[in-house]
Amino acid sequence: MAQKDIQSVLQEDRVFPPSAQFREAATLKAGEVEAMYAKAGDDYVGFWADLARADIDWHRPFKVSLDDAHAPNYRWFADGQLNVSHNCLDVHLRERGEKIAIVSEGEPGDVRRLTYAELHRDVCRFANALKDLDVERGDRVVIYMPLIPEAVIAMQACARIGAVHSVVFGGFSSNAVKDRIEDAGAKLVITADGGWRGGHPIELKRAVDKALADGCPTVQNVIVYARTRGCPMRAGRDVWWQDAVSGMSTTCEPEWVDAEHPLFLLYTSGSTGKPKGIQHSSAGYLLNAKTSVRWAFDLNDTDVFWCTADVGWVTGHTYVAYGPLAAGATVLMYEGAPTFPDGGRFWKICETHGVTILYTAPTAIRALMKLGDAIPAKYDLRKLRLLGTVGEPINPEAWMWYHKIIGGERCPIVDTWWQTETGAAMMAPIPSVTATKPGSCTKPLPGIFVDIVDDDGRPVKTPDAGGYLVITRPWPSMLRTIWGDNERYLQTYWEKFQNRYYVAGDSARRDKDGYYWIMGRIDDVLNVAGHRLGTMEIESALVAHRLVAESAVVSKPHDIKGESVFAYVVLNVPRPEGAAAKSLIEELRNWVGEQLSPIAKPDEIRLTDNLPKTRSGKIMRRLLRSIARGEEITQDVTTLENPAILEQLKGGAAAPPAVKRAAPVERATPVERAAPVKRATPAKRVADAKRVSQPKRDTVSKKVAARSRGKKAKVATKRTKPITRAKRAKRKVAKRRVVAAKSGRAAAKTVRRSSKRAAGSRGSRQK
Ligand code: WTA
């Protein structure tokens, strides 16, 4: 993309109105949109209540629309009853039973298509399997899966029986899995032996085994979907998915739950070391998920909708597992890396499956843009009619490339601003009506009220003056609380402006046309490749290393990932230099990868003898940020307790140079970095590890295995014995006794563990 284009965009403030062709074909017309805004402006509660009646199939209709008696713990449609899975599947059976609900492409190239009738059948069977393992309404279930249809089936099955799922992104480490299982008190874990990523299997079950070996006393069973090469199974605890569903009924009466019944918890980074379990409701969440796909994506019955997000993130919840299914659309899922086996994979998928709407992150767009225009030019992208972005601000250069090279200048780009906490898109263009500006998420959707306020909570009226982004009225899909910590919910989102506004944690500006431009986070949260990471989380992982006394983490702008992680580390041993420093830095990076996730690995680590602190002992983060960015220091350093440290922090003679890493374009898990496929064929691995059991594979893995062995697939059928019903019942009684006896000890252990983490999360540790 020519430099000229970028500059002209920035200078001319270019505006892209919807084309006449798009406007005419779109479902929503300007008049309707105007009427929606007018109605919502007059009576936003009535506006949402009318939509809730029209868009949700209620088991028991609601009478109370918004209950604000305990604000800011708002409740929507609270006396109504429904089931979310029923609203995503059963409601379509008559008219769309034979329509494709999910098209899924695995990284090795295997394609599966599930109609709504088939998806309904599979969800029911799996829901029955969950019930058979004693999972009941309100129980928490952790899902740690590759991006394959079974991940959605697992989520929908939980919703069907009223269990509360908490999906953990497959790129997270066993430690992160353990923390989340323990915080949620999960009874069951659903995982897979592995998933394919970058040509390698990501061994998910191994991470679960490690998490369970280290704690997680509440987990009774693990269901394992056989996808890759098999894995060790613990008799009595683990059961293959394929065995669990065999013989199960293909119908399952939905569990009718209250509108406010928690649909899921999703952990996200906050400004402290401990991730927050964001709790969402059933009806309100479903309503915004469903209406926003219609409004922001103009989703209709003939679309093939591809949201590239993993179900481990909120985007994959709302725009893969729930919203498009509630709307009866065809959803595409792709398991693997965007550049595997080459940079054309995304575009090939669009061509092969006739994708009409593509929704992805600026990070992916920038990474693919770097590979050049020739690659997408090889594919037929003419079916695309709408493009979307989410997760971080998109720079005009990437926007223009997306618009021209991918969208052929005919597709509107919907830049959607929202958060795990908001449940669904809050600000986005309505593509048939709103003119777009590269880099702006435009305006709030109907029924959503947003403002920019100053430190005292006064609305900022001056165009382009920055301030806190706040949402001024409650909305149906708002988070309900933080799991187990309502106090933290109140403090984090409401306290700053005395419960008047929801504080998003972003700064933003509004231009003279009323368009919003997100400027970044105001808290200690980084946005690396569209993933939220708390600086404190990374710091507490670093100080958990035996050689680290103290650390401070800041962000640094990055060409592709948006932001990269820069860590300053103070050791509790003499600071090494040269090769020894390099190798320690590498060790620390890997350590963070293991503790949290490879996404969180610092791109750069600088070893230093001390951190710049004020006399009151506060780390001067702004100063560290400037140093990391190589900016001139303009801050007042007179309050620095130890000014001499500045030279060393800058990487001066006395300090070892920061070791800079090439940033991985997409998530890389430890397994991706491990031995390539060729070095360990499935057959060899089985022979190497006698304990590995090979379950009944799905046809895909048969083919994959056959390909890598270079001969005809032969299915290894040895599997752990299915647990019989009688045994299960016996075990249940025994387990209850054990759990009851253990619970005292387990609780004490948990307290000890969490106090250790809390100490670590302050970013320093007394040695
Ligand atoms: C950022 C992802 C600019 C923002 C759905 C927000 C964005 C955080 C945009 C939430 C956007 C999200 N433009 N920034 N269109 N969308 N963000 O919880 O900082 O993973 O607070 O939810 O991502 O990230 P989360």
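This is a chat about a predicted model of a protein with a ligand.

Trainee: Okay, I'm new to this one. How many helices and strands does the protein have?

Mentor: There are 26 helices and 30 strands. The chain runs to 767 residues, and 62% of them count as buried.

Trainee: And what does the protein expose?

Mentor: About 30100 Å², with carbon and sulfur atoms supplying 52% of that area. As for contacts with a separation of 6 or more, residues 24 or more positions apart account for 73% of them.

Trainee: It's predicted, so what is the mean pLDDT?

Mentor: The mean is 84, and 81% of the residues reach 70 or more.

Trainee: Where does pLDDT stay under 50?

Mentor: One such stretch is residues 653-657, which has 11 contacts beyond four places in sequence in the model. The pLDDT is also below 50 over residues 659-767, and that stretch has 164 contacts in the model beyond near neighbours in sequence.

Trainee: How should I treat places like that?

Mentor: Where pLDDT is low, don't read the predicted coordinates in detail.

Trainee: Got it. On to the ligand: how many residues surround it, and which are the closest?

Mentor: The ligand has 17 residues around it, and the closest are D415, T416, T420, R521 and R532.

Trainee: What kinds of residues make up that shell?

Mentor: Six are nonpolar, six are polar and five are charged.

Trainee: Which helices or strands supply at least two residues of the shell?

Mentor: Three elements do: helix α13 (314-326), plus the strands β20 (413-416) and β25 (516-521).

Trainee: You put T420 among the closest. How far is its polar side-chain atom from an oxygen atom of the ligand?

Mentor: That distance is 2.5 Å. There are backbone atoms to look at too: an N or O atom of G391 lies 3.1 Å from a nitrogen atom of the ligand, and for E392 a backbone N or O atom lies 3.4 Å from a ligand nitrogen.

Trainee: How much of the ligand's accessible area does the protein cover?

Mentor: The protein covers 96% of the 530 Å² that the ligand has on its own.

Trainee: New topic, backbone oddities. Which peptide bonds are cis?

Mentor: Look at A71 to P72, where the peptide bond is cis with omega near 5 degrees. P72 sits in the loop between β1 (66-67) and β2 (75-76). Then there's the cis bond joining F340 and P341, with omega about 0 degrees. P341 is in the loop between β17 (330-334) and α14 (345-353).

Trainee: What about phi for D298?

Mentor: D298 isn't a glycine, yet its phi is positive, near 50 degrees. E409 is another residue other than glycine with a positive phi, near 60 degrees.

Trainee: What makes those worth a look?

Mentor: Most residues other than glycine have a negative phi, and most peptide bonds are trans.

Trainee: Where do I find D298, and is it buried or exposed?

Mentor: D298 is in the loop between α12 (283-297) and β16 (304-307). It counts as buried because its relative accessible area is 4%, under the 20% cut-off.

Trainee: And E409, buried or exposed?

Mentor: E409 is exposed, because its relative accessible area is 52% and the cut-off is over 50%. Its place is the loop between α17 (396-406) and β20.

Trainee: I clicked on H261. What does its side chain reach?

Mentor: The backbone oxygen of G162, at 2.8 Å. H261 belongs to the loop between β13 (257-258) and β14 (264-268), and it is buried, with a relative accessible area of 14%.

Trainee: Which residues is H261 in contact with, leaving aside its neighbours within four places?

Mentor: R137, G138, G162, V164, H280, S281 and S282.

Trainee: Last one: V33. Which helix is it in?

Mentor: V33 lies in α3 (residues 30-42), and at 4% relative accessibility it counts as buried.

Trainee: What does V33 touch beyond four places away in sequence?

Mentor: L28, I430 and V433. The C-alpha atoms of V33 and S432 are separated by 9.5 Å, although those two residues are 399 apart along the chain.

Methods. Residues numbered from 1 in each chain as written. Predicted model: local features only at pLDDT ≥ 70, side-chain atom pairs only at ≥ 80, totals over all residues. Heavy atoms only, no water. Near = heavy atom within 4 Å. Polar contact = N/O pair within 3.5 Å; in protein donor to acceptor, adjacent residues only side chain to side chain. Areas by Shrake-Rupley, 256 points an atom, 1.4 Å probe, with all protein chains shown as cover. Helix = DSSP H or I, 4+ residues; strand = E, 2+ residues; numbered from the N terminus. Nonpolar A, V, L, I, M, F, W, Y, C, P; charged D, E, K, R; others polar. pLDDT = per-residue confidence, 0-100. Contact = heavy atoms within 4.5 Å. Buried < 20%, exposed > 50% of the residue type's maximum accessible area, 1.4 Å probe, protein only.
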